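Please go through the model shown here in questions and answers. The points of interest are charges, backbone and overall form.

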Amino acid sequence: MDELDVIVEQWQRERPELDLSAIGTAGRFGRFAMLAGRAVEDVFKQHGLQRGEFDVLAALRRSGAPYVLIPSVLAATLMMSRAGMTSRLDRLEAAGLVERRLDPTDRRSFQVALTDQGMVAVDAAMTDHAANEAHLLAPLTASERAALDAILRKLLGSVEVEQS
């Protein structure tokens, strides 16, 4: 038994009429997400980045050469407001990891480009991030990870439909 089993057992004693079959699973999922999130944050912190800053650099890096996007695309990709994106870009630009330049196709707009320093930073952080994520899931076999991935994809699809 773990601490969530104890919690469910206590609730079953106090509220036997409730269906508590999902409480342990959801609690474990939430606890894992919280603890894994801390481990992920620690990796980014080792690279002098916050999670949101890494997300911007990663979006630029995985967009492919020439590693340039417009701010509205970055904001949409990261599901955030344009104002929030502006403050992230300000920090990343001050650190020399991205640069803003006028959009040659639309002089009213600008582009965000990954700098050479930004490329080095995101590649190093991504290497450590991938290793950290593999470490977090190491207790699972390959087939268990595949099953968990399929289950989470199904759950997320359901919740995302309900939220939209």
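Q: Arg 88 is buried yet has no salt bridge; which side chain of opposite charge is nearest, and how far away is it?
A: This is a predicted model, in which local features need pLDDT of at least 70 and side-chain atom pairs count only at pLDDT 80 or more, while totals for chains, interfaces and linings use all residues. Residues are numbered from 1 along each chain as its sequence is written, and side-chain values use heavy atoms, with hydrogens and water left out. A salt bridge needs a side-chain nitrogen of Lys or Arg within 4 Å of a carboxyl oxygen of Asp or Glu, and buried stands for under 20% relative accessible area, exposed for over 50%, and partly exposed for values in between (1.4 Å probe, protein chains only). For Arg 88, the nearest side chain of opposite charge (Lys and Arg count as positive, Asp and Glu as negative; His and the chain ends are not counted) is Asp 55, at 4.7 Å.

Q: Where is Arg 88 placed, and with which residues is it in contact beyond four places in sequence?
A: Arg 88 belongs to helix 5, residues 82–94; helices (H or I, at least four residues) and strands (E, at least two) are DSSP runs numbered from the N terminus. Contact means heavy atoms within 4.5 Å. Leaving aside neighbours within four places in sequence, the contacts of Arg 88 are Gly 52, Glu 53, Val 56, Leu 78 and Met 80.

Q: How many salt bridges does the structure hold?
A: Side chains of opposite charge can pair when their charged atoms come close. One network of salt bridges links Asp 2, Asp 5 and Arg 28. For the structure, the number of salt bridges is 13.

Q: What is the N to O distance in the salt bridge of Arg 100 and Glu 93?
A: Arg 100 has a relative accessible area of 26%, so it is partly exposed. Glu 93, at 31%, is partly exposed. Their side chains meet in a salt bridge with an N to O distance of 2.9 Å.

Q: With which residue does Arg 101 form a salt bridge?
A: Arg 101 is partly exposed because its relative accessible area is 36%. The closest N and O atoms of the pair are 2.8 Å apart. The partner, partly exposed at 34% relative accessibility, is Glu 99.

Q: Are Arg 13 and Glu 14 buried or exposed?
A: Arg 13 and Glu 14 form a salt bridge, with the closest N and O atoms 3.1 Å apart. Both residues are exposed.

Q: Which residues does the cis peptide bond with omega of about 15 degrees join?
A: The bond involves Pro 66, which is placed in the loop between helix 3 (51–62) and strand 1 (68–69). Tyr 67 lies in the loop between helix 3 and strand 1, and has a positive phi of about 60 degrees although it is not a glycine. The residues joined by the cis bond are Ala 65 and Pro 66.

Q: What is the phi of Met 79?
A: Met 79 lies in the loop between helix 4 (71–77) and helix 5. Its relative accessible area is 76%, so Met 79 is exposed. Met 79 is a residue other than glycine with a positive phi, near 50 degrees.

Q: How far apart are the C-alpha atoms of Asp 116 and Leu 60?
A: Asp 116 is in helix 6, residues 116–137, and counts as exposed because its relative accessibility is 70%. Asp 116 and Leu 60 are 56 residues apart in sequence. In space, their C-alpha separation is 12 Å.

Q: Why is the protein described as more spread out than a compact globule?
A: The protein has seven helices and three strands, in the order α-α-α-β-α-α-β-β-α-α. The radius of gyration is taken over C-alpha atoms, and the globule rule is 2.2 Å times the number of residues to the power 0.38. For 164 residues the rule gives 15 Å, so the protein is more spread out than a compact globule, its radius of gyration being well over that value at 21 Å.

Q: What share of the residues of the protein count as buried?
A: The C-alpha atoms fill a box of roughly 65 × 35 × 30 Å along the principal axes. Among contacts between residues at least 6 apart in sequence, 46% join residues at least 24 apart. Of the 164 residues, the buried share is 28%.
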